[in-house]
There are 4 protein chains.
Amino acid sequence: MAGNTFGTVFKITTFGETHGKSVGCIIDGCPSGLALSESDIQKDLDRRRPGQSTITTQRQEDDHVEIHSGVFEGRTTGTPIMLLVRNTDAKSKDYEHLKDVFRPSHADYTYLKKYGIRDYRGGGRASARETLSRVAAGAIARKYLEEKAKIEIVAFVEQIKNIGSNVNIETVTQKEVDSTVVRCPDLVAAQKMMHIIKTVRDEGDSVGGVIRCVIRNTPIGLGEPVFNKLSAQLGYAMLSIPAVKGFEIGLGFAGAEKKGSELNDPFIITNGVIKTATNNSGGVQGGISNGETIHFRVAFKPTSTIQKQQETVTTSGQQVQLSASGRHDPCVLPRAVPIVEAMVAITLMDYYLLQKIYG
Amino acid sequence: MAGNTFGTVFKITTFGETHGKSVGCIIDGCPSGLALSESDIQKDLDRRRPGQSTITTQRQEDDHVEIHSGVFEGRTTGTPIMLLVRNTDAKSKDYEHLKDVFRPSHADYTYLKKYGIRDYRGGGRASARETLSRVAAGAIARKYLEEKAKIEIVAFVEQIKNIGSNVNIETVTQKEVDSTVVRCPDLVAAQKMMHIIKTVRDEGDSVGGVIRCVIRNTPIGLGEPVFNKLSAQLGYAMLSIPAVKGFEIGLGFAGAEKKGSELNDPFIITNGVIKTATNNSGGVQGGISNGETIHFRVAFKPTSTIQKQQETVTTSGQQVQLSASGRHDPCVLPRAVPIVEAMVAITLMDYYLLQKIYG
Amino acid sequence: MAGNTFGTVFKITTFGETHGKSVGCIIDGCPSGLALSESDIQKDLDRRRPGQSTITTQRQEDDHVEIHSGVFEGRTTGTPIMLLVRNTDAKSKDYEHLKDVFRPSHADYTYLKKYGIRDYRGGGRASARETLSRVAAGAIARKYLEEKAKIEIVAFVEQIKNIGSNVNIETVTQKEVDSTVVRCPDLVAAQKMMHIIKTVRDEGDSVGGVIRCVIRNTPIGLGEPVFNKLSAQLGYAMLSIPAVKGFEIGLGFAGAEKKGSELNDPFIITNGVIKTATNNSGGVQGGISNGETIHFRVAFKPTSTIQKQQETVTTSGQQVQLSASGRHDPCVLPRAVPIVEAMVAITLMDYYLLQKIYG
Amino acid sequence: MAGNTFGTVFKITTFGETHGKSVGCIIDGCPSGLALSESDIQKDLDRRRPGQSTITTQRQEDDHVEIHSGVFEGRTTGTPIMLLVRNTDAKSKDYEHLKDVFRPSHADYTYLKKYGIRDYRGGGRASARETLSRVAAGAIARKYLEEKAKIEIVAFVEQIKNIGSNVNIETVTQKEVDSTVVRCPDLVAAQKMMHIIKTVRDEGDSVGGVIRCVIRNTPIGLGEPVFNKLSAQLGYAMLSIPAVKGFEIGLGFAGAEKKGSELNDPFIITNGVIKTATNNSGGVQGGISNGETIHFRVAFKPTSTIQKQQETVTTSGQQVQLSASGRHDPCVLPRAVPIVEAMVAITLMDYYLLQKIYG
């Protein structure tokens, strides 16, 4: 119902279709007094921008953000912040041939069945372009959390297809992540990932993978059981991102194969502070952050749009062969890194503010 | 914030600690006119009840449900339904020794840090006994969905530790699932699972696993993008269950290793109806049900409570050894099957009702 | 939709029919650490209890409250607080004759048309007995607000039918209010009000009036524009009480007849503090409390249930004459005083907690 | 908290300051398939537009609305509709002299105290210009309700200062209302009202009044007790409008002076249909619409901004005299008529959609 709002006290509502006038969002509930300019937001948008490298879609968009409200003389006022980005390179003509056909594993079929109408241009609302609004809102949440609580959020590409990597989650930085266009800070793995992405692209195919995200310096106590557990809300946030099909926190599925005596994290005293000797829980126990580094993994399926010929049907029920044109990413993960971070920031922001009430 | 409510139009709010007077819930938004008696609810509670078999906790609770409101002359009236179950076998004395110690990987530490106070008796609110309320509410949702839309929800234990199973998700029934106490309908695998659960129990240890859930006969169109996708809400619902650390829909993490041409589900016409040739998407595309069978997997960690000695600290910061007594399940999965089904029913109910508005 | 929840961070959900097993509520979001016992709640319930004086209904109910959860060793734990009151003197037989008839200006007709079914015993959910749950929840909010912020909430009967009164809103106390059974602290007016209530009761009729409520020591800054203004939420809270048909804050309707130069409240400095010279705004400006005493008025219609013969129709469409029996108040206002105060306390609690986030 | 959203299933979130870049809103939950163009919205905006007559502010704004999303090929798609209106005639310089002074009975003081910062230009977010967004959203709701259910919403100025009027609420039309610039369909009264408005304007003063609103053809069953009663939500909606200080439905405060036997609305059968002989309830009983005409009254205080000299203080605590310049309405009521109607349409839309679930 009215599913375009996320959050409770730091609440974002997004709007916009990929080939409409604009995309953007309203953020309601941002505390007043935060220094904020368009460039604070722009730098995160640039990390998500199409056309930023050889392995992303060649659609060219400035993605220039405009702050329309809620900021006065460089500071947030406590009133709603509306952020808007115009669509400038929307080549709707590219999509005319998709007007009457359902692209496999896309939202074309379900949107038409649900709403009785669909904006077929580039996927309309179901396009990943919608996530731009999330990144813009997330930039504000992240700035607040960094300034007030020194919380660090770093996501990176951990796996592309079957190529894994080896990254130290206690030390990895955004700078390291951004040092390769594939956003994997393990440089050897990054090379292999680049290679496989280019290979599938040249085959007219696509590829999936896994993003890992770590949150350091999280205060103890974030999370609102029994339903609104921090782990549950992080899972919800991740699974709301297009192409995400799985989420696990801490050891996740691998932990299901362990015994309790192997998986439990013993408490220890380190320099007078209570810590856990291991962190198989991923920083969340009983749905509440325990002060350890939060870490989780997110599974992305391969991009649904491929140029290879596929079997499908038309809106009038004809069986046809489809070869998509249009511009798209052969692998969404490099550009999804800032999206994951943004959704984490927005999620944490809500809990961080709530903690002021109950903490 | 106030994290004890789930759902928007079919909304449940739960209450109760495991060693308090009672546990239960209020269901607000159940349509009027549904035939409902306590026995409709009781039969699902009995599937979750402690002490039901040799491999579950030996705590003995009738778990007798009382309907306090919202039902008149055997039918729901559209007003809030309050369900209450008294706690009768709450042996608080068993937990005196845990008053001042943090059990590893439990919520003891985080609750105390967050709230400044905790009901240490059996985990208080963080006990899995809280899920009783979910099962009770889920029974109502399930009855409605079965009667109005013939929706079938079947969950089963697919894996215990590293022992997998082989089950046909298009045909598996609750009766088959319940034919073994471990609730795995693959009888050969079930034997092995029983064995491993008894072995770890005798070792004073515990074990985790994976539950798979299938939903058949789902109407097309359930889901409210962009945030409130059906897949995201199912993930949220599952991750809100105690001990759950992972969720994947369709091929999930395995799909991340595929190419688009392998993973995409081609549309085909079968008997004049649009179907997908494969179902790697798990019945949800673009966050909306596509009419195929929904299937997903949920990872449960091993029970945190074990009798084996563990390292931990006390509330006053002393390093100690802990051997838990108290009664607990060596493996939560068999009793978690009805909990998973209940949360699915509650989740679907919300979307099903919303679809009346927009469908 | 699911209209039985009030509040956002201090959230109450009520349940129960007047002739069902029980009535009560869940309070979710009460901060932990508040000292709380059943007697803290009972004392407010006793002020609302039926049968407390000669001018209230003669239904006899103890209205004994039970705390079922959320309190441990005398303090709130931050988990949901479930409060339950059993119905003991529910004489359903008294209502058999109303099974097939719509009582004028009651909810009988609208409930049956909306839900297709109604619990006709004493009005079911639409009975004012439902407000008991509000008073119970309000007692907790009031205790918190008094302890943390010394906020004082005092409501009193200002008018019965056309009999007004003269009360100093800056000094009136609950003790003065409760010194007469009609709960009007102007003793001369109270006598007249008592007289008129008894007169209409003896006529088999009923009578309405106006309650005024004042809130002293409100912190500056409560209110969340643009929609969730403090004045709007207070109005909503009041209009949700059975029999309420009007609300005005500050000068209200009388202010509509003024010029701006007459109505505006000039700011002045008093002892170095900014105050307003007058308080025609009623303590709220721009939807936010300004630190002055909040004051508003609430119009209650006469009790719909009367013994005098009335014209009405049956559920099968027959025109009939109706003389209600059953037990009821000839005037709801004396017992509505604690209800008004409770809803004010619940409303303020929400804003007070929210202010911790943004303040 | 995050108080800029109204509604549950038809949900609007507004943004914008009067002297910022733009004002507007996102509407989430509008059903798909509704024919919608900018002109459908523009015609209601034009009724609210500043500068439309001699008795309104002389600020000149086109108030040209742009639909940015949610509409495709002339029909709503079920995705969020973003509406935007640029501010073009924002003369911020006019407000420089108000930077450091609190205008009496405005939101200047409370906003600064609450948020620690305020956009002093024309009142910023607290300006009535924010209501433009409501009128735009309301135009969509109204169109839907007219097309699907022939619901008619007509508001009119019933009273200015102490000048009342005489209008038949069963027959009054928008055309009649708009036939005078004061929007009172009683032409004799309208003349007097015009006179008084011009007189106070020339005095540098302002004046208040009462708007009455009627809703005809409302389906039976709208309203969600116990809290979310139709009457309570209408009151909330009205009290969220700037300058509103009172609300009463049906006989309201006058009804508080009646006996039950005088006020109750007897049920009668008219042409085989159940009706009420009188309509003192105002079309709502037990919080649910009963099919009779809904009617209520809304008290507006005089415009706070006046040119007459007033006593006030500065932000640094100096006592000063203030004579406001800037452009403003001497009486807000004529332009408030479409605002009242819009908030009613938005409120009803929510209940109308909810009724599809439960009805």
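Two residues are in contact here if their C-beta atoms, placed from the backbone, lie within 7 Å. With that criterion in place, I would like to present the complex shown above, which is a predicted model. The predictor assigns the complex an ipTM of 0.97 and a pTM of 0.97. For chain A, the average pLDDT is 94, and 98% of the residues score at least 70.

Let me begin with chain A on its own. Its secondary structure consists of 9 helices and 17 strands. The radius of gyration of chain A is 21 Å, close to the 21 Å that the globule rule gives for 359 residues, so chain A is as compact as a globular protein of that length. Along the principal axes, the C-alpha atoms of chain A fill a box of roughly 70 × 50 × 35 Å. Of its 359 residues, 68% count as buried. If we take the contacts in chain A with a separation of 6 or more, 71% of them involve residues 24 or more positions apart.

I now turn to the interface between chains A and B. How many residues of chain B are in contact with chain A? There are 90 residues of chain B in contact with 90 residues of chain A. On the side of chain B that touches chain A, the residues divide by class into 38 nonpolar, 35 polar and 17 charged.

Strand 10 deserves particular attention in this pair of chains. In chain A, strand 10 covers residues 244–249, and 6 of its 6 residues are buried, so this strand is largely enclosed by the rest of the structure. Within its own chain, strand 10 of chain A is joined by 5 bridges to strand 15, residues 294–300, and the two run antiparallel. In that pairing, Ile249(A) stands opposite Phe296(A). Strand 10 of chain A also pairs across the interface with strand 10 of chain B, in the antiparallel sense and over 3 bridges. There, Gly246(A) has Glu248(B) as its bridge partner, while Glu248(A) stands opposite Gly246(B).

What order do the strands of the resulting open sheet follow? The sheet has 8 strands, in the order 8(A)-9(A)-15(A)-10(A)-10(B)-15(B)-9(B)-8(B), and the pairing is antiparallel. As a general point, strands of a sheet pair through backbone hydrogen bonds, either parallel or antiparallel. At the edges stand strand 8 (152–160) of chain A and strand 8 (152–160) of chain B, each with a single partner strand, so one side of each has no neighbour in the sheet. Neighbouring strands of this sheet are turned against each other by 20 degrees on average, direction ignored.

Moving outward in chain A, strand 8 pairs with strand 9, residues 209–216, in the antiparallel sense over 8 bridges. In this pairing, Phe156(A) stands opposite Arg212(A). On the chain B side, helix 9, residues 333–358, lies across strands 8, 9 and 15 of chain B. That helix runs at about 145 degrees to strand 8 of chain B.

Let me now consider chains C and D. Here, 90 residues of chain C are in contact with 90 residues of chain D. The side of chain C that touches chain D has 38 nonpolar, 35 polar and 17 charged residues. Strand 10 of chain C, residues 244–249, is joined to strand 10 of chain D by 3 bridges, and these strands run antiparallel. Glu248(C) stands opposite Gly246(D) in that pairing.

Chains C and D contribute to an open sheet of 8 strands, ordered 8(C)-9(C)-15(C)-10(C)-10(D)-15(D)-9(D)-8(D), with antiparallel pairing. Its edge strands are strand 8 of chain C and strand 8 of chain D, each of which pairs on one side only. On average, neighbouring strands in this sheet are turned by 20 degrees against each other, direction ignored.

Inside chain C, 5 bridges join strand 10 to strand 15, residues 294–300, and the two run antiparallel. Val244(C) stands opposite Phe300(C) in that pairing. Helix 6 of chain C, residues 230–239, packs on the sheet and touches strands 10 and 15 of chain C together with strand 10 of chain D. The direction of helix 6 makes about 160 degrees with that of strand 10 of chain C.

To close, I would return to strand 10: it pairs with its counterpart between chains A and B, and likewise between chains C and D.

Conventions
Residues are numbered from 1 along each chain as its sequence is written. Chains are lettered from A and ligands numbered from 1 in the order in which they are written. This is a predicted model: local features need pLDDT of at least 70, side-chain atom pairs count only at pLDDT 80 or more; totals for chains, interfaces and linings use all residues. Ala, Val, Leu, Ile, Met, Phe, Trp, Tyr, Cys and Pro count as nonpolar, Asp, Glu, Lys and Arg as charged, and the others, Gly among them, as polar. Two strands pair if DSSP finds at least two bridges between them. Helices (H or I, at least four residues) and strands (E, at least two) are DSSP runs, numbered from the N terminus. pLDDT is the predictor's confidence in each residue, from 0 to 100. Axes are lines fitted to C-alpha atoms, for helices over the stretch in contact, and angles run from 0 to 180 degrees between N-to-C directions. The radius of gyration is taken over C-alpha atoms; the globule rule is 2.2 Å times the number of residues to the power 0.38. A residue is buried if 20 or more other C-beta atoms lie within 10 Å of its own, exposed if 12 or fewer, and partly exposed in between; C-beta atoms are placed from the backbone.
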